[in-house]
Amino acid sequence: MDLQTLAQIGEFLGGLSVLLTLIYLAIQIRSNTKAVRSAGAQQTHDSMVELYSQLAGDAQLNRAFRVGTQDLEALTEDEIGIFIAFWSGTLFAAQNWLYQRDNGVLEEALVMTWLGGVASNFHADGFKVYWSKRKFMFSDVLQEWVEEIISKPSARGDYVTLGLGTKPDSSQG
């Protein structure tokens, strides 16, 4: 073999190693993308669990949320502060979920499932009062999403915040 043939073989092997490296990197990037998506979904799920855990573990927060969502005026000044802080935190989380969805990090189906739990309260009078006074704090995307839900009739007219799904029968003792 002459020197030129050896140089050509070396060039071929160098090109092949670059190609194999690029294939390996593409596989690694794809795997990393799946891991990032999975971690994002888990973090979002954990934040929903945390919201419900807070409501279950704190009687004052639970009352402010349940009563305030239906009738904000039925709360004390301190409870209104708790109510506003809770809903603001919840909606900032929802805003982030929509952002993550729009950027391809979270899947649409998962985001809409989580948001469905939040949105089930949007037709309540207390939430509407909160929203009318605080919506300016949120992104246009979140505002449009909430407004779209509020503009449609509630599909769950008998829904009770953190209740069993129906309003209690007041005729029963």
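Here's a quick chat about a predicted model, with the long helices and the confidence values as topics.

Biologist: What mean pLDDT does helix H5 get in this model?

Modeller: Across the protein the mean pLDDT is 83, and 89% of residues reach 70 or more. Confidence is lowest in H1, with a mean of 82. The highest value belongs to H5, residues 125–134, at 94.

Biologist: How far apart are the end C-alpha atoms of H1?

Modeller: H1 covers residues 3–57. Count 1.5 Å a residue and its 55 residues should span 81 Å. The model agrees with that, since the end C-alpha atoms are apart by 79 Å.

Biologist: Is Ile27 buried or exposed?

Modeller: Ile27 sits in H1 and belongs to a nonpolar surface patch, along with Phe12, Leu16 and Ile23, among others. Together the patch residues have about 1200 Å² of accessible area. Exposed means over 50% relative accessible area. Ile27 has 51%, so it counts as exposed.

Biologist: Which helices do the buried residues of H1 pack against?

Modeller: The buried residues in H1 include Gly40, Thr44, Met48 and Leu55. Their packing partners are H2 (59–70), H3 (77–102) and H4 (108–119).

Biologist: And which helices do the buried residues of H3 pack against?

Modeller: H3 has 26 residues and reaches 37 Å from first C-alpha to last, close to the expected 38 Å. Its buried residues include Phe83, Trp87, Leu91 and Trp97. They pack against H1, H2, H4, H5 and H6 (140–151).

Biologist: Over which residues does pLDDT stay under 50?

Modeller: That stretch has 10 contacts beyond four places in sequence in the model. The residues with pLDDT under 50 are 164–173.

Note on methods: Residues are numbered from 1 along each chain as its sequence is written. This is a predicted model: local features need pLDDT of at least 70, side-chain atom pairs count only at pLDDT 80 or more; totals for chains, interfaces and linings use all residues. Side-chain values use heavy atoms; hydrogens and water are left out. Patches are made of residues with over 30% relative accessible area and no salt bridge: like charges are joined within 9 Å, nonpolar side chains (Val, Leu, Ile, Met, Phe, Trp, Tyr) within 5 Å. Accessible areas come from the Shrake-Rupley method with a 1.4 Å probe; for residues, only the protein chains shown count as cover. A salt bridge is a side-chain nitrogen of Lys or Arg within 4 Å of a carboxyl oxygen of Asp or Glu. Helices (H or I, at least four residues) and strands (E, at least two) are DSSP runs, numbered from the N terminus. Buried means under 20% relative accessible area, exposed over 50%, partly exposed in between (1.4 Å probe, protein chains only). The expected span of a helix is 1.5 Å times one less than its number of residues. Contact means heavy atoms within 4.5 Å. pLDDT is the predictor's confidence in each residue, from 0 to 100.
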